[in-house]
Amino acid sequence: MNPFDYVQAADAEQALALVAEAGPGGDAAQAPRFIAGGTNVLDLMKENVLRPARLVDLKRLPLDRIEALPDGSLRLGALARNADTAYDPRVRAALPLLSSAILAGASPQIRNMASNGGNLLQRTRCLYFYDTGTPCNKRTPGAGCAAIGGLARQHAVLGASAACIATHPSDMCVALAALDARVELRALRGTRTVALVDFHRLPQDQPERDTVLAPGELVEAIVVPPSRQYAAHSVYLKLRERQSYAFALVSVAAALDLAPDGRIRSARLALGGVAHKPWRLPAAEALLAGQLPATALFEAVAARVLEGARPQGVGLGCNAFKIPMARRAIVRALGQAVQGTVTNTGDNTA
Ligand SMILES: Cc1cc2nc3c(=O)[nH]c(=O)nc-3n(C[C@H](O)[C@H](O)[C@H](O)COP(=O)(O)OP(=O)(O)OC[C@H]3O[C@@H](n4cnc5c(N)ncnc54)[C@H](O)[C@@H]3O)c2cc1C
Ligand code: SF4
């Protein structure tokens, strides 16, 4: 472990100033970092992937509230714990998709530590990214990518580039993408809001940049617009190597607004485990609008979502299985959503 400076901030302005005064660091791995729950950033420091000169602790910032806004949106503070968010009665009632997605992730202990802001900014679980003995463009730009042609079971089948085929690991973000969430950001020069679907990036030729967050910029909150119309028919389906403590191979967030005659008024659909960001395709959702639910329709939607999907890796390391798995998961999740909402209780068996 490298020596580093640890400081606590009392408010957002102080946190931003403490990062700015530490300077940019020699390279990206050495840049000063915020720490919230520490469940990802400390692991990365232990593996020598990150060597920040300074850690600025955010835990004292007053950003841990979950508030109902006048327009019916819910504002989830960046410092609110994943567990507190998932079990908040307003989230359970109005956003069961989000609650279930959070509870499908990690373990109770980790969810008790992990913050909402940290969840958005957790790094990929590509094993080569964590192994500093292998080349990785995300860790060291220009070094190469050990996963291309290597063990790629966990990797992307959509939106990958010649520089990086990693996936974004968050469950929470898949539901947030489906629910049109927005992210509130603060920098020294002011605030801005970014749609969650635009917050995470595809790797292109800059895989070292996971998101559009500027260096030293702070996530203050996530705002989820009113989504009551989907509360009765939403499902977060997560397929993984084992039933607990595992990241998604493929996950599907599906939510339907059904009319009294059974027709689909509108639909929300996003995938996890398949790309460098939560994967949402409004053109595929549009195929569902105004239609009566049917397996053939769901298969057509799945085919549209997966257009252009390409496997990575070779032999046992190949992830070709993800494409039919994702197709079946979409059909299954939409079929379950027609029947009602599947509520994950957090015991990691859902
Ligand atoms: C064993 C294990 C299993 C897991 N399984 C899953 C899983 O199945 N599904 C899943 O979704 N997740 C899983 N996780 C990941 C877990 O959800 C994340 O580690 C957690 O959400 C990160 O939150 P944190 O507050 O601890 O972030 P930290 O580790 O404190 O920070 C993570 C990153 O975010 C930055 N950061 C934190 N807060 C802010 C902010 N407000 N503004 C700007 N930058 C900020 C930090 O600088 C750092 O770069 C797992 C983790 C572990 C260790
Ligand atoms: S897939 Fe991305 S994160 Fe993994 S080794 Fe390649 S460049 Fe690094």
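Here is a short chat about ligand 1 and helix α5 in this predicted model.

Colleague: What makes G37 a polar contact of ligand 1?

Modeller: A backbone N or O atom of G37 sits 2.8 Å from an oxygen atom of the ligand. The cut-off is 3.5 Å between N or O atoms, so the pair counts.

Colleague: And which atoms bring in A106 and Q122?

Modeller: For A106 a polar backbone atom is 3.0 Å from an oxygen atom of ligand 1. For Q122 an N or O atom in the side chain is 3.4 Å from a nitrogen atom of ligand 1. Both pairs are within 3.5 Å, so they go down as polar contacts too. Overall, the protein covers 93% of the 970 Å² of accessible area that ligand 1 has on its own.

Colleague: Which residues and elements make up the shell around ligand 1?

Modeller: There are 34 residues around it, and the closest are F34, G38, T39, S115 and D171. β2, α2, α7 and β8 each supply at least two, with the largest share, four residues, coming from α7. By type, the shell splits into 16 nonpolar, 12 polar and six charged residues.

Colleague: How do you know that domain 1 and domain 2 each take part in the shell?

Modeller: Each of them, domain 1 (5-59) and domain 2 (63-350), gives at least three residues to the shell.

Colleague: Why is helix α5 called largely enclosed?

Modeller: Buried means under 20% relative accessible area. Eight of the eight residues in α5 (96-103) meet that, so the rest of the structure largely encloses the helix. Among those buried residues are P96, L98, S100 and L103.

Definitions and conventions
Residues are numbered from 1 along each chain as its sequence is written. Chains are lettered from A and ligands numbered from 1 in the order in which they are written. This is a predicted model: local features need pLDDT of at least 70, side-chain atom pairs count only at pLDDT 80 or more; totals for chains, interfaces and linings use all residues. Side-chain values use heavy atoms; hydrogens and water are left out. A residue is near a molecule or strand if one of its heavy atoms lies within 4 Å of it. A polar contact is a pair of N or O atoms within 3.5 Å; within protein, one must be able to donate a hydrogen and the other to accept it, and residues adjacent in sequence count only if both atoms are side-chain atoms. Accessible areas come from the Shrake-Rupley method with a 1.4 Å probe; for residues, only the protein chains shown count as cover. Ala, Val, Leu, Ile, Met, Phe, Trp, Tyr, Cys and Pro count as nonpolar, Asp, Glu, Lys and Arg as charged, and the others, Gly among them, as polar. Domain bounds come from an automatic or database domain assignment. Buried means under 20% relative accessible area, exposed over 50%, partly exposed in between (1.4 Å probe, protein chains only).
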